[in-house]
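Me: Please take me through the reasoning behind the terms applied to this model.

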Amino acid sequence: MRKTLPIVAGMALIATALPANAASLLDYIGQCVPFARAASGIQLFGDAWTWWDQADGRYRRGERPQPGAVLVFARTSRLPLGHVAVISRVVDSRVAMVTHANWSRMNGERGHAEQDVTLTDVSPDNDWSKVKVWFRDNAGLGGSVFPTYGFIYGTRTTTGASARADTELTGRSPDYVGALIDSYAH
């Protein structure tokens, strides 16, 4: 049994289904793709790494983070299906926060949603083509650098409704200072 997320605080979310056991977006347990689709309203399907090409001609794409945009991670040996994460906050030109699913282990299992996770641009040209991501597993920025394709914005390039970001993407008091310390201390 599946249910549809409610329209929250006047945000016109595109009808997107999450498992019935998810009372809110942050209760979600599963893969990153359905989570990103529900959180961003961007209606793309298939493996995460394919979203970049699928968005071409359908949604605006770019190399700067914006709240509600989806960052598409490239396929690698560690991420054979890629990964997608939704930008929840922009902290500075090289640090942002994401809300995503199926990244860190929580209580020994993968798939949980995480809100306001530190994401750091480590690309030489400050174009967000290489990032490091906070791992709850080791309570810090991971040592791995992940290649990305860029950001998909919720604005369609053709006529039609634009996607809307869910209001649960960011918390009331995200730890900006902690995100900056995490990013620049490593």
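The exchange below concerns a predicted model and sets computed values against the cut-offs behind each term.

Me: What makes up the protein chain, in helices and strands?
Reply: The protein chain has three helices and 10 strands, in the order β-β-α-α-β-β-β-β-β-β-β-β-α along the sequence. Of its 186 residues, 49% are buried. Among contacts with a separation of 6 or more, 54% join residues 24 or more positions apart.

Me: Why is G41 called buried?
Reply: Buried means under 20% relative accessible area. The relative accessibility of G41 is 0%, so G41 counts as buried. G41 lies in the loop between α1 and α2, just after α1, and takes a positive phi of about 80°. Its C-alpha is 9.7 Å from that of A69, although the two are 28 residues apart in sequence.

Me: What makes α1 mostly covered?
Reply: Eight of the nine residues of α1 are buried. They are C32, V33, F35, A36, R37, A38, A39 and S40.

Me: What makes a set of residues a nonpolar core, and which residues have the most contacts inside the largest one?
Reply: The members must be buried residues of the listed nonpolar types, joined through side-chain atoms within 4.5 Å. The largest such core has 22 residues, and W51, V84 and I152 have the most contacts inside it. The elements giving two or more residues to this core are α1 (32-40), α2 (51-55), β4 (70-73) and β5 (83-92). The greatest contribution is that of α1, with six residues.

Me: Which residues does W51 touch, beyond those up to four places away in sequence?
Reply: Contact requires heavy atoms within 4.5 Å. With those sequence neighbours set aside, W51 touches V33, A36, R37, I42, L44, F45, G46, V70, V72, V84 and I152. Apart from the largest core lies another, of 18 residues, including I87, A96, V98 and L119.

Me: How many aromatic pairs are there, and what is the geometry of F73 and F146?
Reply: The count comes to five aromatic pairs. In one of them, F73 and F146 have ring centres 6.3 Å apart and planes at 65°. A pair needs centres within 6.5 Å, and planes over 60 degrees apart count as edge-to-face, so both conditions are met. F73 belongs to strand β4 and F146 to strand β10 (residues 146-156), so the pair links parts of the chain that are 73 residues apart. Both residues are buried.

Me: Why is the pair of W128 and F151 called edge-to-face?
Reply: The ring centres of W128 and F151 are 5.9 Å apart and the planes stand at 70°, so the pair is edge-to-face. Because W128 lies in the loop between β7 (113-121) and β8 (130-135) and F151 in strand β10, the pair ties together parts 23 residues apart in sequence. W128 and F151 are both buried.

Me: Which residues form one aromatic cluster?
Reply: F73, W103 and F146 form one aromatic cluster.

Me: How do you know that the charged end of R61 sits over the ring of W52?
Reply: The definition asks for CZ of Arg within 6 Å of the ring centre and within 35 degrees of the ring normal. The charged end of R61 is 4.3 Å from the centre of the W52 ring and sits over it. R75 likewise lies over the face of W49, at 3.8 Å from the ring centre.

Definitions and conventions. Residues are numbered from 1 along each chain as its sequence is written. Side-chain values use heavy atoms; hydrogens and water are left out. Buried means under 20% relative accessible area, exposed over 50%, partly exposed in between (1.4 Å probe, protein chains only). Helices (H or I, at least four residues) and strands (E, at least two) are DSSP runs, numbered from the N terminus. Rings of Phe, Tyr and Trp (its six-membered ring) pair if their centres lie within 6.5 Å; planes under 30 degrees apart count as stacked, over 60 as edge-to-face and the rest as tilted.
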